[in-house]
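Trainee: Could you take me closely through one part of this model, strand by strand, and then follow its surroundings outward?

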Amino acid sequence: MRARMLLVLIVLFMLSFFILIYRLFQLQIINGEEYRAKAFQQQTRSQTIGAKRGTIYDTNGNVLAQSGTVWNVCISPAQLDSEKLDATATALAEILEVDKAKILEAAADRGSYYKRIKRRVERAVMDAVNDYTLQNKVEGVFFEEDTKRYYTYGSLASTLLGFTNYDNQGAYGLEAKYDKVLSGTPGMVVSAKNAWGSDMPFKYSEKYAAQDGNSIVLTIDESIQHFLERHLETAIVEHYVGNKAAGIVMDVKTGAIVAMATKPDFDPNDPYTLADPAAVEELAQYTEGSDEYNEKKTQLQYAQWRNKAISDPYEPGSVFKIITASAALDNHRVSLNDHFYCTGSLQVSDRTIHCWKREGHGDQDFTKAMQNSCNPAFITIGQRTSATTLYEYMKNYGLMDPTGVDLPGEATGIHQSLETLNKEGMVELASTSFGQTFKITPLQLITAVSSAVNGGKLMQPYILKQVLDPAGNVLETTQPIVKRQVISEETSATMRQLVEAVVADGSGRNAAIPGYRIGGKTGTSQKLDIVEDLNILSFVGFVPMEDPRYAILVMLDEPELDNAFGSTIAAPVVGAVMNDMLQYLGIEPSFTEAELAEKKVEVPDVTGMKPHDAQAKMTLLGLQTRIVGSGASVIRQIPQAWQTMDKGGTVIFYTEEETLKTGIEIPSVVGMTAQEANKVLVELGLNISLRGVTQDGVQTIVSEQWPLAGETATTGDVIVVTLIRKPEEAGG
């Protein structure tokens, strides 16, 4: 009996042993990884450390967006002195602008060593909290480093750059497009927990540093971007533009985007706040907090973030005549010697299509038809070219597909099919020939017309110039890409002649700048699919025409003006942008001997005029201009009307009373060259008048000035300087 019992016990023991061994094998080997992960999760707490996001630079190295250090304010409830708790909570609530009850609720978890009270406070706030804790000997309050995105120039290029969300992830624009490049790798702090699940003291934690993101360099030039945006803002006010304005500056040789803007826009430092007063007024019609309010607010936010230059197709109007003309000339369907007679309208099938000049242009050759932007002439040119040929050129110019630019949200145009263009009666072909009844984006249009003047090469537009690692080493550089040869170099040379003639003595003369060869084309299109009396006005300009480098397109959507045209409204805006660009780029004007002989000019009266109209008038006289204020008309000018000044001097336009600056201390410019003196004075808003030696090729310096240095002046006052030969130039 004892032997049997012993045997049974041995069997039971062995069975239990094998079951235990199997169970241990199952726990440690088969399911070991799973349980180790669960144990790690129960025993530790991990907290992500945000990586410092890469910087966004303009083409010259100016910082457009960067991440700065901020701090999260945290408390350790287990270490807080209960007797000081209420006073500490009161102080923190006041400094951090948070609810005191929230702090007390976090502090009630007495077993915890970590509770976050406020995220991403600036240094001044962090210092205030730190000063309070030191002065009052408060323990259990500490800080975590974090990062926050800052946009250096506020709203500048906001619809291009986009913004980041609260977790530092790219939410819109280039920030979203290049999020993986900019983001870097987050770090982590791993802390131990005790048996009750509360955090253990900080000595039981491990920190793994974050890896910063790469930086990107854009093709955008901050100064040219500023010029474009400033003049778009002025145009919106002076012409009561109802549906925003857009502009693009492109390097025609490479396809690089030098500037791109939509106005009104927003501040990416505070992207969820509506910046446009009209949008704020529209939202105010709804009850705050209601579903309708929240829905409308979201709609208006997305509208202010939208990049109109790439996302909103529109009917290009007469700017498209560049495409029609180049297609016809490249196929030898017409020549510059061909003539077209305009009576003011043309019958196409059952439809009468009018010219903008209802009395007609009469007889005109090809160049004059382009200068006059004559619709009947271009209908005839389109008919001679044929629907099939024009359609193929539109495809080759890239107008049937997105450009493929490295920006998010690019739209596709809306086009007539080849079958529709070939339809009996050719009405659609007629309207397409002068830029109506189809839609393309501003970016598609400027890319196409740039190829018409750059030798016929369609370039791939791009905005990323380089990628840099955190140490500043170049990881990647974008090379210009020629997509295809659209027209011959000979045809492109002819197109340069035509667009230059438009500005020299045609519908684009309001974009002319004395001393520079400029080309361009006007555009006025009706929004036939919405309301027939709503227009889009545009102008594209090219400079310098000796060897085109830049194309500038400005589009004003729904200006509330009667009898408005691209030639009278948009052309002066492009001319103003060009004028600023040419000075900034150091491209000097070239004058004939007769023009140089007329050094003095009498300043006309432009008070009451729209700023860009006044600017165009002064520019044609050889005067520089500066617009001060954001009003819709010129209320004061300096120098005043009918005074004389040297060509090249600056006339200041004031559009608001409070913008007049007085008490400017006049600096000394004695010993400077004329160019140096001019730069110093112009930056202060003063004008210069030259006396003495001014011959070309002679090096001179300022010997005297009046008024004298140290006296005060008002913006626009003239400082008379006397030039003499440099000492090494004298004698000989």
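Mentor: Strand β26 (residues 636-638) is joined to β28 by 3 bridges, and the two run antiparallel; within this pairing R636 stands opposite Y654 of β28. The model is a predicted one, and what follows should be read in that light. Strand β28 (residues 650-654) also pairs with β25, but here the strands run parallel and are joined by 5 bridges, with T650 of β28 as the bridge partner of Q624. Strands of a sheet pair through backbone hydrogen bonds, either parallel or antiparallel. In β28, 5 of the 5 residues are buried, and the burial extends to both faces, with T650, I652 and Y654 on one side and V651 and F653 on the other. In a regular strand the side chains alternate between the two faces of the sheet.

Just outside these strands, G622 is found in the loop between α23 and β25 (624-628). With a relative accessibility of 16%, under the 20% limit, G622 counts as buried. Its C-alpha lies 9.6 Å from that of T650, although 28 residues separate the two in sequence. Leaving aside residues up to four places away in sequence, G622 touches P514, K647 and G648.

The helix before that loop, α23 (residues 611-620), leads on to α9, since the axes of α9 and α23 come within 9 Å and cross at roughly 120°; the two helices are therefore oblique to each other. H231, T234, A235 and E238 of α9 meet P611, H612 and Q615 of α23 in this contact, and by class these residues divide into 2 nonpolar, 4 polar and 1 charged.

From α9 one can pass to a second sheet. This is an open sheet of 5 strands in the order β12-β11-β23-β22-β21, with antiparallel pairing. At its edges stand β12 (257-263) and β21 (519-526), each with a single partner strand, so that one side of each has no neighbour in the sheet. Neighbouring strands are turned by 10° against each other on average, direction ignored. Helix α9 (residues 222-238) packs on this sheet, where it touches β11, β12 and β23, and its direction makes about 25° with that of β12. Within the sheet, β11 (residues 245-251) and β23 (residues 550-557) pair in the antiparallel sense over 7 bridges, and I248 stands opposite L553 in β23.

The nonpolar cores complete the picture. The largest nonpolar core has 82 residues, of which M260, I322, M370, Y397, L443 and F542 touch the most other members; helix α19 (residues 442-453) gives the most to this core, with 7 residues. Among the residues that F542 touches, not counting those up to four places away in sequence, are I322, V449, V453, V499, I518, Y550 and M578. Apart from this core lies another, of 35 residues, among them A235, V249, Y550 and V574. Two residues already met recur here: A235 is in the contact of α9 with α23 and is also a member of the core of 35 residues, while Y550 is touched by F542 and likewise belongs to that core of 35 residues.

Note on methods
Residues numbered from 1 in each chain as written. Predicted model: local features only at pLDDT ≥ 70, side-chain atom pairs only at ≥ 80, totals over all residues. Heavy atoms only, no water. Pairing = 2+ DSSP bridges. Helix = DSSP H or I, 4+ residues; strand = E, 2+ residues; numbered from the N terminus. Axes fitted to C-alpha atoms, helices over the stretch in contact; angles between N-to-C directions. Contact = heavy atoms within 4.5 Å. Parallel < 35°, antiparallel > 145°, perpendicular 65-115°, else oblique. Nonpolar A, V, L, I, M, F, W, Y, C, P; charged D, E, K, R; others polar. Buried < 20%, exposed > 50% of the residue type's maximum accessible area, 1.4 Å probe, protein only. Core = buried A, V, L, I, M, F, W, Y, C linked by side-chain atoms within 4.5 Å.
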